[in-house]
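Please read these notes with the model open beside them. The points cover pockets, a cavity, the core, one helix and a few single residues.

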Amino acid sequence: MSKETQRNEMAAKTVVHQVPGMDAVVVHKDVPYRGTEAGALTMDIYAPPGSKGGERRPAVVFVSGYPDPGLEAVFGCKFKEVGQYTSWGRLLAASGLVAITYTNRDPVADLDALLRHVRQNASSLGIDEGRLGVWAGSGNVPRALAALMEGASGPFRAAVLAYGLMLDAGESTAVAQAAAQFGFANPCAGRSVDDLPRDLPLFIARAGQDRTQLNETIDRFVTGALSRNLPVTVVNHPTGPHAFDILDESEASREVVRRMVEFLRFHLLT
């Protein structure tokens, strides 16, 4: 099997947990959120089945820390077209939440633009701008953490961070080294857990079979969050590999995915 075939197969992987109604989700594709000289950047909005005009629902933004041109070179498609995110979008929408995926060229500036656009146009988009959450995994987590710390466009109600590289601290340079190697944005360089909002609920999913250096960043982050009494929920999946939500067809992986969904539902719907 060629590397190109392997890459395309990885991009086609979908979330291991399914719920009724995922096929009935309404997807508004390629909604512009930012104009550029190279063309419009767009988002896909996944709305729950039966959504009515004028109804405003909580929304979850799936954060990308990688520029799309780099992702396309690896996976053959943009971030919002990867099976992981199209299926997660349907899963959350079938669970009563709006989900948003998007294209980008500059992971830092474009996410800021997306969040501003969503908040400023929330009514026409059918979104409750006061109940926004984020979901990020792997190398996308540093970009999500920076957004949570800055809150430039407004506060968030909850965040799920899955098997992610978190923050460097002390002598550790694991995140910076991975960012240089794999090409994801690391706007959290020089920041710490102290920069996070103290009242922001966080769900941290740890894959026990992941790389040691990656898990060390999670362990250090969790220790810092707990020492500051932050509202953090930690789930360790002892047998889970990296990206277990799409790679591990086990009941244990499905249970962690269910807990992620319920965490977001609890903090965004209540």
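1. Helices (H or I, at least four residues) and strands (E, at least two) are DSSP runs, numbered from the N terminus. The model is predicted, so local features need pLDDT of at least 70 and side-chain atom pairs count only at pLDDT 80 or more, while totals for chains, interfaces and linings use all residues. Residues are numbered from 1 along each chain as its sequence is written, and side-chain values use heavy atoms, with hydrogens and water left out.

2. The second largest pocket takes its biggest contribution from helix 5, which gives 3 residues to the lining. A pocket, on a 1 Å grid over the protein atoms alone, is an open set of points with protein on both sides within 12 Å along at least five of seven lines; a cavity is a set where a 1.4 Å probe fits but cannot get out; lining residues have an atom within 4 Å of a point. Strand 1 (26-34), strand 2 (41-47) and helix 5 (122-125) each supply at least two lining residues here. The lining has 16 residues, with H28, A47, S51, L125 and G126 nearest the centre. The space amounts to about 260 Å³, a volume being the space filled by probe spheres set on grid points joined across faces, edges and corners.

3. The largest pocket holds about 660 Å³. Of its 27 lining residues, Y66, F75, S138, G139 and H242 lie nearest the centre. Helix 2 provides the largest share of this lining, 4 residues; helix 1 (3-12), helix 2 (68-75) and helix 3 (83-94) each supply at least two. By class the lining has 17 nonpolar, 8 polar and 2 charged residues, where Ala, Val, Leu, Ile, Met, Phe, Trp, Tyr, Cys and Pro count as nonpolar, Asp, Glu, Lys and Arg as charged, and the others, Gly among them, as polar. For the second largest pocket the division is 6 nonpolar, 7 polar and 3 charged.

4. The whole structure has 1 cavity of 30 Å³ or more. This cavity holds about 40 Å³ and is lined by M166, L167, D168, V175, N186, C188, A189 and G190. C188 is buried, at 3% relative accessibility (buried is under 20% relative accessible area, exposed over 50%, partly exposed in between, with a 1.4 Å probe and protein chains only). C77 is also buried, at 11%. No disulfides (pairs of cysteine sulfur atoms within 2.5 Å) are found: the count is 0.

5. The largest nonpolar core, a set of buried Ala, Val, Leu, Ile, Met, Phe, Trp, Tyr and Cys residues joined through side-chain atoms within 4.5 Å, has 90 residues, of which W88, W135, L145, M260 and L264 touch the most other members. Neighbours within four places in sequence aside, L264 is in contact (heavy atoms within 4.5 Å) with V60, L92, L97, V134, W135, A158, V160 and L269.

6. How much of helix 6 (residues 141-150) is buried? The answer is 9 of its 10 residues, L145 and R143 among them. Its cover includes helix 4 (107-120), strand 5 (127-137) and helix 8 (212-227). G151, which follows helix 6, has a positive phi near 50 degrees.

7. V108, in helix 4, is partly exposed, with a relative accessible area of 31%. V108 and A185 are 77 residues apart in sequence but 7.2 Å apart in space, C-alpha to C-alpha. Beyond its neighbours within four places, V108 is in contact with R143, A185 and P187.
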